[in-house]
Amino acid sequence: VALRTLPNVLDITSIPNPPAPEETKTVYVYRLLQKGNRFEKHDQALGCGNCTLAIISLAPMSSIPIFLFNHNELGQVSASLEDETTIQITSEQWNKCADFFTVIMSARWRRRTGRLRFVYDIDTALNGVLSPYVLAVTKADGNLDWDRIDQIILDSKRDEDQKREAVINTMGTDITPRLWAPLYDPNVTYISYGDSGLTCEADFPYQDRFGNYTEYFRRRRGFRVPLECKLFSVQRLWNLPRKMKADVEGIYASADVEIKKKKFQEFFTTTETATTKEKKLGELQPGERAQCEGLGSALLPQDACMEVPVADARLFFHCILLPQVLYYMDRCLT
């Protein structure tokens, strides 16, 4: 026996098609609003400036309850869809949003699924239960940020040399936060904030084994950096939940919320020896920053890093819970 009435979009014949070439079509835009005490502090620290993801649907969607998530670093985060607005969109713009959707989901989901990539398939979407939708990002005034969408797609197509060059060309002590990966460990990602003012000639925090950062990277990481190489202030990336589960109060809690925060002590500045004490959470060494409360801080040599495919830290921050939001949105609508 059916317990609820399924939405009309289950009628496959009624599912609208994306705009055809040279055609303009009305679409429905739902901005994704995420709130929470710690979330908003990190948002402000990154200077996100009302950066907001948005769902673009070919048909209006039913009302969706507010989602509540518990994240082990951001605390409780609420996610809701703003009231719909309508815009006119061309086939080229729809396809651009589909490409943006693919890039963002691949960058976010591959962090937890290894080599798997997300692919947006319009034929599959048209044969599904829901009206096809894609993803975009909006500016503070609520309009779609086409320049940012174009840049994200362009950045995702860079090869390794271009991603390394982007880091080498980075200058200044207060840059727009970017996501970097060490060349010696490309599966780890850091938020880079700018030049720390130190070079690899600086004294290593724990000198019982390493005299300076150059010595540390040569002996510990097998990576050679010159003494004059600049050290950049970074913090580790946020924990990216694999899945969510509902608790007794109906709040969706991260299934891996129990992961110990001490995991970040893999960072080189927390290297523990027989004669040194482990670094405590929140304890900063010279040159380090803690712009986002609760994330481990470190220093990385500029010559040893490259940007990740989606390096816009402000945008990626809003994608932390995106897979979970989309999953529960689909559940609510079906």
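## A salt bridge between strand 13 and helix 4

In this predicted model, the side chains of Asp-312 and Arg-148 meet in a salt bridge, with 2.9 Å from N to O. Asp-312 belongs to strand 13 and Arg-148 to helix 4, so this pair ties together parts that are 164 residues apart in sequence. Are these two residues buried or exposed? Asp-312 is buried, and Arg-148 is buried as well.

It helps to know the background here. Side chains of opposite charge can pair when their charged atoms come close. A search of the whole structure turns up 10 salt bridges, and a few more of them are worth a visit.

## Glu-307 and its partners

Stay with strand 13 and look for Glu-307. One of its salt bridges is with Arg-158, where the closest N and O atoms are 2.7 Å apart. Glu-307 sits in strand 13, while Arg-158 is in the loop between helix 4 and helix 5 (160-168), so the pair ties together parts that are 149 residues apart in sequence. Both Glu-307 and Arg-158 are buried.

Glu-307 also meets the side chain of Arg-178 in a salt bridge, at 2.9 Å from N to O. Because Glu-307 lies in strand 13 and Arg-178 in strand 7, this pair ties together parts that are 129 residues apart in sequence. Arg-178 is buried, like Glu-307. Which residues make up the network of salt bridges that includes Glu-307? Asp-155, Arg-158, Arg-178 and Glu-307 are linked in it.

## Helix 4 and its two faces

Helix 4 covers residues 146-156, and its buried residues are Arg-148, Ile-149, Ile-152, Ile-153 and Asp-155. Why can these be said to share a side of the helix? They cover an arc of only 165° around the axis, which puts them on the same side of helix 4. Two of these names are already familiar: Arg-148 is the salt-bridge partner of Asp-312, and Asp-155 is part of the network with Glu-307.

Now turn to the other face of helix 4. The face turned away from the buried side carries the exposed residues Asp-147 and Leu-154.

## The sheet that holds strand 13

Strand 13 is part of an open sheet of 5 strands, arranged in the order 12-9-8-7-13 with antiparallel pairing. Strand 12 (297-301) and strand 13 (305-312) stand at the edges with a single partner strand each, so one side of each has no neighbour in the sheet. From one strand to the next, the twist averages 45°.

Which strand pairs with strand 13? Strand 7, residues 178-182, pairs with strand 13 in the antiparallel sense over 4 bridges. If you would like a spot to check by eye, find Ala-181, which stands opposite Met-306 in strand 13. As a general point, strands of a sheet pair through backbone hydrogen bonds, either parallel or antiparallel.

## Strand 2, covered on both faces

Elsewhere in the chain, strand 2 (residues 52-57) is mostly covered: 6 of its 6 residues are buried. In a regular strand the side chains alternate between the two faces of the sheet. In strand 2, Thr-52, Ala-54 and Ile-56 are on one side and Leu-53, Ile-55 and Ser-57 on the other, and all of these are buried.

Strand 2 also pairs with other strands. Strand 1 (residues 24-35) runs antiparallel to strand 2 and is joined to it by 4 bridges; here Tyr-28 has Ser-57 as its bridge partner. Strand 6 (residues 133-138) is antiparallel to strand 2 too, with 6 bridges between them, and Ile-55 stands opposite Leu-135 in strand 6.

## A positive phi before strand 1

In the segment before strand 1 you will find Glu-22. Its phi is near 70°, a positive value in a residue other than glycine. For context, most residues other than glycine have a negative phi. Glu-22 is exposed, with a relative accessible area of 84%.

## The chain as a whole

Stepping back, the protein chain has 8 helices and 13 strands. Buried residues make up 50% of its 334 residues. The chain exposes about 16,600 Å², and carbon and sulfur atoms supply 47% of that area.

How much of the contact pattern comes from residues 24 or more positions apart? Among contacts with a separation of 6 or more, such residues account for 76%.

Methods
Residues numbered from 1 in each chain as written. Predicted model: local features only at pLDDT ≥ 70, side-chain atom pairs only at ≥ 80, totals over all residues. Heavy atoms only, no water. Pairing = 2+ DSSP bridges. Helix = DSSP H or I, 4+ residues; strand = E, 2+ residues; numbered from the N terminus. Axes fitted to C-alpha atoms, helices over the stretch in contact; angles between N-to-C directions. Buried < 20%, exposed > 50% of the residue type's maximum accessible area, 1.4 Å probe, protein only. Arc of directions from axis to C-beta. Salt bridge = Lys/Arg side-chain N within 4 Å of Asp/Glu carboxyl O. Contact = heavy atoms within 4.5 Å. Areas by Shrake-Rupley, 256 points an atom, 1.4 Å probe, with all protein chains shown as cover.
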